[in-house]
Amino acid sequence: MEFGSVKHFLKGKTILVTGATGFIGKIFVEKILRVQPDVKKFYLLLRESNPCSATERMHNEVFGKDLFKVLREKLGGDFGSFISDKVMAVAGDISSENLGIRDVNLRKEMLEEIDIVLHSAASTKFDERFDVAMRINTMGAFNVVNFAKNCTKIEILLYVSTAYVCGETEGLILEESFQMGETLNGFSKLDIDFEKKLIEKKLSELQTHNSKEENITSMMRNFGLERAKEHGWPNTYVFTKAMGEMLVGHTKENLPVVILRPTIVTSTYKEPFPGWIEGVRTIDSFAIAYGKRKLTRFPGVINAVIDVMPADMVVNAIIVAMVANANQCYDNIYHVGSSKRNPLRYMNLLDYGYKYFTEKPYMDKDGTPIKVGRVTFLDMASFQRYMFIHFLLPLKGLKLLNTIFCQYFQKMYRDNNRKIQIAMRLVNLYRPYLFFSGIFDDMNMKELQMAAMQGGVEMDLFYFDPKMIDWEDYFVNIHVPGTVKYLFK
């Protein structure tokens, strides 16, 4: 690994970012613009059909966010001209050849100027339509690699995957790459082209039967889950991300590539300010439900480790890995998480949530403080039994009454049935993570950190050591307040 000043490395660089409207992408752009204003240029690839709509979306969904208030205050009236000079929105689509960039002259300019590619675009729905997830998460990675290989000055491609491509693996999970065609269950061989043909066949069948769009969506979601589970993955998201990793490794040739696998990404720890978050993640949806006293029972193991990492530390790790691996012929995979060196347990989270919402209760619509209690953890069998007694059994009674009274309670029955079905579907989707028992080895990340400290990297700016986090202070004073501010509605 070769190091030195990260700020010096970034000076004069041209960077392509996919997924710039996403959580990680935005923080990556903000960080570099703030600490190294002499970066040459950012190209932000946005899924739009024309440059005008791409530019509008960039200003609304990226630079219009609270995340950029520190940079906005720093530059004052020059903020707009600075962004116009340093950043260009590019209309395109990662699921298309040449990233869907129709402007030939612009594409030529990009291929000649780009030094670094950050690929963070993804569909993160666990039960996304199989065709959509394949197009974005798998073939999107393939198209980004091919585009990067044609960049004449390319120094590195950074591919943001997820640590949970490991599926439901237990014990210590190593930072190892996938082999092409590898499966998690070992019973079958994965053929990505065959999966694509299955998608085409399924869509053709559904369209032949003139299925409604909502039915096609439901069928393709279930189909994705079926195919994922057949090969050992718990859901469509991690299945298609794993296939994306395989294609990146198989097709990169001499392209320098780093694969980063973050765990659960939470609000910013310090920069640009503590507690910024966007988009409800799994852990945050539970916090919201708990704060509103809608969560009293929870399926899971109370003393299990939950691996989380603040977003700014994830981005710092990406940037330092970029510097360390630029123009290198070897590949590296990094787990960006905390479970190995600074484990956090569900019981700790419960204590922190109880402490925060007891001291600062959320107010209901009438302005009355909502009093929270302790959450009871249940194994899956106990949780299903609880749901049957308290929800499914009363629903059966309501269904009988509805029949007796000539559909008088039809709306009530339909609404309650829908809510219960959604709740059970979410529990089944999240079950592999609620009962997850793996620990993510981060030896590569630890070595990266040690080399950076010895190599003159500005570690005060590019910190990513999980051991520096006091979890109680972080959750009580930073993350939960940020969740309340930005996500509670």
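**A walk through the sheet and its helices**

Trainee: Where is the place of Asn-98?
Mentor: This is a predicted model, so let's read it as one. Asn-98 isn't a glycine, but its phi is positive, about 60 degrees. At 31% relative accessibility it counts as partly exposed. As for its place, Asn-98 sits in the loop between E3 and H6.

Trainee: Is Leu-99 buried or exposed, and with what relative accessible area?
Mentor: Leu-99 lies in the loop between E3 and H6. It also has a positive phi of about 60 degrees without being a glycine. For context, most residues other than glycine have a negative phi. Leu-99 is buried, and its relative accessible area is 0%.

Trainee: Which residue caps the N-terminal end of H6?
Mentor: Look for a side-chain oxygen close to the start of the helix, which spans residues 104-113. One lies 3.1 Å from the backbone nitrogen of Asn-105. The residue it belongs to, and so the cap, by the 3.5 Å cut-off for a polar contact, is Asp-103.

Trainee: Why do the buried residues of H6 count as being on the same side, and what arc do they cover?
Mentor: The buried set in H6 is Leu-106, Arg-107, Met-110 and Leu-111. Their arc around the axis is narrow enough to put them on the same side of H6. Val-104 and Asn-105, on the other side, are exposed. The arc is only 135 degrees.

Trainee: Which strands and which helix do the buried residues of H6 pack against?
Mentor: Start from Leu-106, Arg-107, Met-110 and Leu-111, the buried residues of H6. They pack against three strands and a helix. Those are E1 (14-18), E2 (41-47), E3 (87-92) and H7 (130-149).

Trainee: In the open sheet of seven strands, what is the order?
Mentor: The pairing is parallel. E3 and E11 (332-336) stand at the edges with a single partner strand each, so one side of each has no neighbour in the sheet. From one strand to the next the twist averages 20 degrees. The order reads E3-E2-E1-E4-E5-E7-E11.

Trainee: In E11, what is the bridge partner of Ile-259?
Mentor: E7 covers residues 257-262, and it pairs with E11 in the parallel sense over five bridges. Ile-259 has its bridge partner in E11, and that partner is Ile-333.

Trainee: Which residues of E4 are buried, on one side and on the other?
Mentor: E4 has a parallel partner in E1, over four bridges, and another in E5, also over four bridges. Val-17 stands opposite Leu-118, while His-119 has Tyr-159 in E5 as its bridge partner. Both faces of E4 are covered. The buried residues are Ile-116 and Leu-118 on one side, and on the other Val-117 and His-119.

Trainee: H7 lies across several strands, running at about what angle to E4?
Mentor: H7 crosses E1, E2, E4 (116-119) and E5 (156-160). For another helix, take H3 (51-63), which lies across E2 and E3 and runs at about 125 degrees to E3. For H7 and E4, the angle is about 180 degrees.

Trainee: Which backbone oxygen does the side chain of Asn-316 reach?
Mentor: Asn-316 lies in H12 (311-325) and is buried, with a relative accessible area of 0%. Leaving aside neighbours within four places in sequence, its contacts are Lys-31, Leu-461, Phe-462, Tyr-463 and Phe-464. At 2.8 Å, its side chain reaches the backbone oxygen of Tyr-463.

Trainee: How far apart in space are Leu-190 and Tyr-159, C-alpha to C-alpha?
Mentor: Leu-190 is in the loop between E6 (171-173) and H8 (192-208), and at 4% relative accessibility it counts as buried. Beyond its neighbours within four places in sequence, its contacts include His-231, Trp-233 and Phe-239. Leu-190 and Tyr-159 are 31 residues apart in sequence, and in space they are apart by 21 Å.

Trainee: Which residues does a cis peptide bond join?
Mentor: Most peptide bonds are trans. Here is a cis one, with omega about 0 degrees. One of its residues, Pro-272, is in the loop between E8 (264-266) and H11 (282-291). The pair joined is Glu-271 and Pro-272.

Trainee: How many disulfides does the count come to?
Mentor: A disulfide needs a pair of cysteine sulfur atoms within 2.5 Å. Cys-166 is buried at 8% relative accessible area, whereas Cys-406 is exposed at 67%. By that cut-off, the count of disulfides is zero.

How values were computed. Residues are numbered from 1 along each chain as its sequence is written. This is a predicted model: local features need pLDDT of at least 70, side-chain atom pairs count only at pLDDT 80 or more; totals for chains, interfaces and linings use all residues. Side-chain values use heavy atoms; hydrogens and water are left out. Buried means under 20% relative accessible area, exposed over 50%, partly exposed in between (1.4 Å probe, protein chains only). Helices (H or I, at least four residues) and strands (E, at least two) are DSSP runs, numbered from the N terminus. The arc is that of the directions from the helix axis to the C-beta atoms. Contact means heavy atoms within 4.5 Å. A polar contact is a pair of N or O atoms within 3.5 Å; within protein, one must be able to donate a hydrogen and the other to accept it, and residues adjacent in sequence count only if both atoms are side-chain atoms. Two strands pair if DSSP finds at least two bridges between them. Axes are lines fitted to C-alpha atoms, for helices over the stretch in contact, and angles run from 0 to 180 degrees between N-to-C directions.
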